[in-house]
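Reader: I am new to this structure and would like to understand how its descriptions are justified. Could you take me through the terms one at a time, setting each value against its definition?

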Amino acid sequence: MKQKTIKIILSLVIVLILAAAAVSVYFIYFTGQGGATVNIYSEGELIKTVNPSTCGDMTFDVVNSSGGRNTVAVSDGMISVTGADCPDKVCVHTAGIKNDPHPIICVPNQLIISVEGAYGP
């Protein structure tokens, strides 16, 4: 009798763990970008936070203390650097990010754009 009770309790614990995992996967992958925000850092300081899925289309310039300028655009839920006065323009050629753990970085202008929050499709 005691062994049967232990099996039932163990089965319930496994079912609860699987249910919690399923709910977590749902929120991580199927709620989209809703909880994700994009942080924009200039010279190591957070200067702007946006949610690309809710802020609409916008374009703005980020200028550092040395006068280095990057033009940042948000369009269709994606954020990208569309212009820069740095010599190599790696940041401009970097693909836009939407819900991606890989940041956009401009080393000469000390700009970092990174997604914080939910990652998924």
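Author: Let us begin with contact, which means heavy atoms within 4.5 Å. This is a predicted model, in which local features need pLDDT of at least 70 and side-chain atom pairs count only at pLDDT 80 or more, while totals for chains, interfaces and linings use all residues. Residues are numbered from 1 along each chain as its sequence is written, and side-chain values use heavy atoms, with hydrogens and water left out.

Reader: Which residues does Ile 79 touch, not counting residues up to four places away in sequence?

Author: Ile 79 touches Val 38, Ile 40, Val 50, Val 72, Ala 73, Val 74, Gly 96, Ile 97, Ile 104 and Ile 113 when residues up to four places away in sequence are not counted.

Reader: What makes a set of residues a nonpolar core, and which members of the largest one touch the most other members?

Author: A nonpolar core is a set of buried Ala, Val, Leu, Ile, Met, Phe, Trp, Tyr and Cys residues joined through side-chain atoms within 4.5 Å. The largest such core has 19 residues, of which Val 38, Ile 40, Val 72, Ile 79, Cys 91, Leu 111 and Ile 113 touch the most other members. At least two residues of this core come from each of the strands E1 (37-42), E3 (58-63), E4 (69-75), E5 (78-84), E6 (104-106) and E7 (111-116). Strands (E, at least two residues) and helices (H or I, at least four) are DSSP runs, numbered from the N terminus.

Reader: How many helices and strands does the protein chain have?

Author: The protein chain has two helices and seven strands, and from the N terminus on its elements run α-β-β-β-β-β-α-β-β.

Reader: Why is Cys 91 called buried?

Author: Buried means under 20% relative accessible area, exposed means over 50%, and partly exposed lies in between, with a 1.4 Å probe and protein chains only. The relative accessible area of Cys 91 is 1%, and therefore Cys 91 counts as buried. Cys 55, in contrast, has 29% relative accessibility, so it counts as partly exposed. Of the 121 residues of the protein chain, 29% count as buried.

Reader: Why is there no bond between the sulfur of Cys 91 and the closest cysteine sulfur?

Author: A disulfide is a covalent bond between the sulfur atoms of two cysteines. The definition used here asks for a pair of cysteine sulfur atoms within 2.5 Å. The closest cysteine sulfur to that of Cys 91 is in Cys 106, at 3.7 Å, and therefore too far for a bond. A search of the whole structure likewise finds zero disulfides.

Reader: How do you know that a polar contact joins the side chains of Thr 71 and Asp 61?

Author: A polar contact is a pair of N or O atoms within 3.5 Å; within protein, one must be able to donate a hydrogen and the other to accept it, and residues adjacent in sequence count only if both atoms are side-chain atoms. The contact between the side chains of Thr 71 and Asp 61 is 2.7 Å, so it falls within that limit. Thr 71 lies in strand E4.

Reader: What makes E1 and E7 a pair of strands?

Author: Two strands pair if DSSP finds at least two bridges between them. Six bridges join E1 to E7, so they satisfy that condition, and they run antiparallel. Ser 42 stands opposite Leu 111 in E7. Tyr 41, which is found in strand E1, has its C-alpha atom 5.7 Å from that of Leu 111, although the two are 70 residues apart along the chain.

Reader: How many bridges pair E6 with E7, and what is notable about phi of Gln 110?

Author: E6 and E7 pair in the antiparallel sense over three bridges, and the bridge partner of Ile 104 in E7 is Ile 113. The two strands form a hairpin with four residues between them. Gln 110, in the turn, has a positive phi of about 55° although it is not a glycine.

Reader: Is Gln 110 buried, exposed or partly exposed?

Author: Gln 110 has a relative accessible area of 43%, which lies between the two cut-offs, and so it is partly exposed.
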